[in-house]
Amino acid sequence: MPPEGREEDFRGELSYAAAFARALLNPDVAIPTVVAGPKSKAAVKRYNVYRNNVTVSLINALAASFPATLRITGVDFFRAMARFYVRATPPSSPLLFDYGQDFPDFIERYEHAQSVPWLADVARIERAWLNAYHAADVRPLMPQELAAVPSEQLPNTVLKPHPATRVIRSRFSVVTIFTASRSDSPASRIEVVEPEDALLTRPALEVEVRQLPPGAAIFLGRLTAGESLGAAASAAVSESPSFDLTANIRGLLEAGAFTAILRGES
Amino acid sequence: MKRPAMRSAAQASAALRFPAHSVAGRVGTSFKHEHLQAILADRERDRFFEIHAENYMGAGGPPHAALNQIRQHCPVSLHGVCMSIGGPQPLDKAHLQRFKTLVDRYEPALVSEHLAWSTHSSTYFNDLLPLPYTGATLARVADHVDQVQEAVGREILLENPSTYLIFPESTMSETSFVAELARRTGCGLLLDINNVFVSATNHGFAALDYLADFPLEHVGEIHLAGHAQQADDEGELLLIDSHDRSVADAVWKLFDVVISQCGPIPTLVEWDSDLPDWLSLRAEADAAKAIIDRHAQEFTPGKAHAA
């Protein structure tokens with residue numbers, strides 16, 4: 001969060017930024033009186049260059065961060081939706097790859113997107129994808145490292161999540177839709193009503209997106225919160241009686257979901 | 001400017017990480033990840049690359065991997081786009097720290113920022129916004145430049161903006177403003193010749209007059225770029241600093257004039273959208289190199305300077 005300026009920062013000769021900024025994101029506010037065209041020229045189109053730069057560059061930033069969402073809605077729909085979001089929620093940080101963390105929530109509430117109820121969840125996967133892309137570089141925990149832990153210690157073992165690991169849960173077939181929308185040949189017809197949970201990891205440089213089996217999202221969620229393997233497995237089995245502990249641990253290690261073994265207290 | 005008495009351990013260890021490529025006499029281009037493989041396959045490596053600092057402020061991932069590869073082979077110019085040095089409010093300390101971390105990590109040959117602002121209160125506008133040139137803004141901007149130079153422990157270059165409007169309250173010309181900034185803070189200047197041409201057209205002054213008034217002795221880097229054409233309220237030409245096409249002929253002519261007066265200065269072609277392939281972008285930089293080389297003989301040691 002940038003620092004708030006002191007009162008005196010915005011007075012007198014230093015009031016230009018406040019005056020200039022007021023109309024940038026609001027086309028209904030008159031252009032500032034502190035600026036003018038040269039040689040008595042008008043300043044409307046000139047000021048509009050800045051308005052346009054601000055709004056269009058922020059919409060472009062969202063379009064770059066949410067390409068599957070854009071592909072589903074089409075360009076015109078996406079840019080109209082993004083314009084509402086940009087004007088209501090301009091960035092508070094200069095790191096544009098962080099912009100739009102709550103864009104999926106905005107999409108969920110966006111009046112014109114109500115007919116595509118899974119759109120917000122696709123956007124959530126894309127937001128998580130970009131967060132995983134920029135996450136710290138850490139070597140994932142290898143399967144043989146966990147295999148070296150004596151089996152009697154496993155229930156109390158706590159695993160440290162990899163900084164790129166993210167889980168997105170959805171009532172819709174959101175992994176299937178996301179994958180198709182980012183591929184070159186999107187599937188023509190997808191049955192959207194099967195719930196799907198997505199796992200995002202980045203074991204090296206590539207972000208990987210997988211569909212999690214039933215119970216795995218609870219399991220990984222508990223592990224990420226610092227619970228032991230035993231406690232997390234119990235929670236997963238109570239949600240999904242068919243939960244296969246061995247297969248899930250193997251799958252999560254293969255995906256690179258963890259970085260280290262933290263022995264839990266017994 | 002104040003220089004730290006000794007380098008920190010972190011800086012000393014970073015110094016071992018990359019070769020110390022010199023940027024002297026080189027030309028360069030914006031670094032775009034789309035070009036990474038073509039750049040690495042290119043056997044001609046006598047160029048430099050400029051990166052926008054903010055794109056490398058994430059913790060890790062492909063951006064840092066790509067920059068590491070490029071930095072092994074070539075000098076890098078670290079170009080900040082959103083420090084908001086030209087704004088009235090205090091600099092964002094967290095952002096300043098991120099900027100310093102990048103300088104320490106990658107040891108860029110050049111470090112630069114803009115005479116502009118982009119954040120007001122808590123909103124980041126993602127554009128290089130203009131400021132009036134007065135005694136009060138000069139004092140404030142000089143403070144900000146001092147803070148950045150102190151934080152990174154070295155001189156920065158400050159870039160002249162392209163503007164579309166004037167502030168009637170201004171009491172100084174842009175060239176006097178940047179000359180005084182360089183004098184007070186010891187900062188160098190990044191002369192963007194496309195910005196000079198864009199502003200000159202938009203405000204109806206002669207670009208050559210601006211260059212005659214500009215303190216060329218402080219210029220440590222030159223930018224060239226393409227611009228787009230629009231119209232103002234009177235239907236007259238308004239140029240937009242768009243970085244999406246080739247450098248205009250008029251800008252090449254101004255570059256020729258500057259190089260004929262100053263000799264070789266590291267020169268970078270900016271291109272940020274509608275990217276061409278690597279060889280086409282490289283050709284723009286090579287065109288700049290041809291102009292530098294043509295004038296170089298006038299500046300060989302022992303000969304009197306032409307200017």
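These questions and answers walk through a predicted model with chains A and B.

Me: How many residues does chain B bring to the contact with chain A?
Reply: Both chains take part in the contact. Chain A gives 50 residues. The count from chain B is 46 residues.

Me: Which element of chain B gives the most to the side that touches chain A?
Reply: The elements that give two or more residues to this side are helix 3 (62-73), strand 5 (117-120), strand 6 (123-129), helix 5 (135-152) and strand 11 (237-241) of chain B. One of them gives the most, with 6 residues. That element is strand 6 of chain B.

Me: By class, how many residues on the side of chain B that touches chain A are nonpolar, polar and charged?
Reply: This side of chain B mixes the classes. Charged residues number 8 and polar ones 17. The nonpolar count is 21.

Me: What is the order of the strands that close into a barrel in chain B?
Reply: The barrel has 8 strands, and the pairing is parallel. From one strand to the next, the twist averages 25°. The order is 1-2-3-4-7-8-9-12.

Me: What is the bridge partner of Leu189(B) in strand 9 of chain B?
Reply: Strand 8 (residues 188-192) and strand 9 (residues 219-225) of chain B pair in the parallel sense. They share 4 bridges. In strand 9 of chain B, the partner of Leu189(B) is Val219(B).

Me: Which strands of chain B does helix 10 touch as it packs on the sheet?
Reply: Helix 9 (residues 249-262) of chain B also packs on the sheet, touching strand 8 and strand 9 of chain B. The direction of helix 9 makes about 165° with that of strand 9 of chain B. Helix 10 (residues 278-296) of chain B makes about 155° with strand 1 of chain B. Helix 10 touches strand 1 (27-30), strand 2 (47-52), strand 9 and strand 12 (267-270) of chain B.

Me: Is the crossing of helix 2 and helix 4 of chain A left-handed or right-handed?
Reply: Helix 2 (residues 44-65) and helix 4 (residues 75-88) of chain A pack at about 115°, with axes 9 Å apart. Thr55(A), Leu58(A), Ile59(A), Leu62(A) and Ala63(A) of helix 2 meet Phe78(A), Arg79(A), Ala82(A), Arg83(A) and Val86(A) of helix 4. The contact residues divide into 7 nonpolar, 1 polar and 2 charged. The crossing is right-handed.

Me: What is the bridge partner of Val167(A) in strand 3 of chain A?
Reply: Strand 2 (residues 166-170) of chain A is mostly covered, with 4 of its 5 residues buried. Strand 2 runs antiparallel to strand 3 (residues 196-201) of chain A, and 5 bridges join them. The partner of Val167(A) is Leu199(A).

Me: How far apart do the C-alpha centres of domain 1 and domain 2 of chain A lie?
Reply: The domain assignment gives domain 1 as 1-116 and domain 2 as 138-266. Their C-alpha centres lie apart by 37 Å.

Me: Is Lys39(A) buried or exposed?
Reply: Lys39(A) lies in the loop between helix 1 (16-21) and helix 2 of chain A. Its phi is near 50°, a positive value in a residue other than glycine. A residue with 12 or fewer other C-beta atoms within 10 Å counts as exposed. Lys39(A) has 10, so Lys39(A) is exposed.

Me: Why does Ser40(A) count as exposed?
Reply: Ser40(A) lies in the loop between helix 1 and helix 2 of chain A. Ser40(A) has a positive phi of about 65° although it is not a glycine. Ser40(A) is exposed because the other C-beta atoms within 10 Å number 7.

How values were computed: Residues are numbered from 1 along each chain as its sequence is written. Chains are lettered from A and ligands numbered from 1 in the order in which they are written. This is a predicted model: local features need pLDDT of at least 70, side-chain atom pairs count only at pLDDT 80 or more; totals for chains, interfaces and linings use all residues. Two residues are in contact if their C-beta atoms, placed from the backbone, lie within 7 Å. Ala, Val, Leu, Ile, Met, Phe, Trp, Tyr, Cys and Pro count as nonpolar, Asp, Glu, Lys and Arg as charged, and the others, Gly among them, as polar. Axes are lines fitted to C-alpha atoms, for helices over the stretch in contact, and angles run from 0 to 180 degrees between N-to-C directions. A crossing is left-handed if the near helix is turned anticlockwise from the far one by less than a right angle, and right-handed if clockwise. Two strands pair if DSSP finds at least two bridges between them. A residue is buried if 20 or more other C-beta atoms lie within 10 Å of its own, exposed if 12 or fewer, and partly exposed in between; C-beta atoms are placed from the backbone. Domain bounds come from an automatic or database domain assignment.
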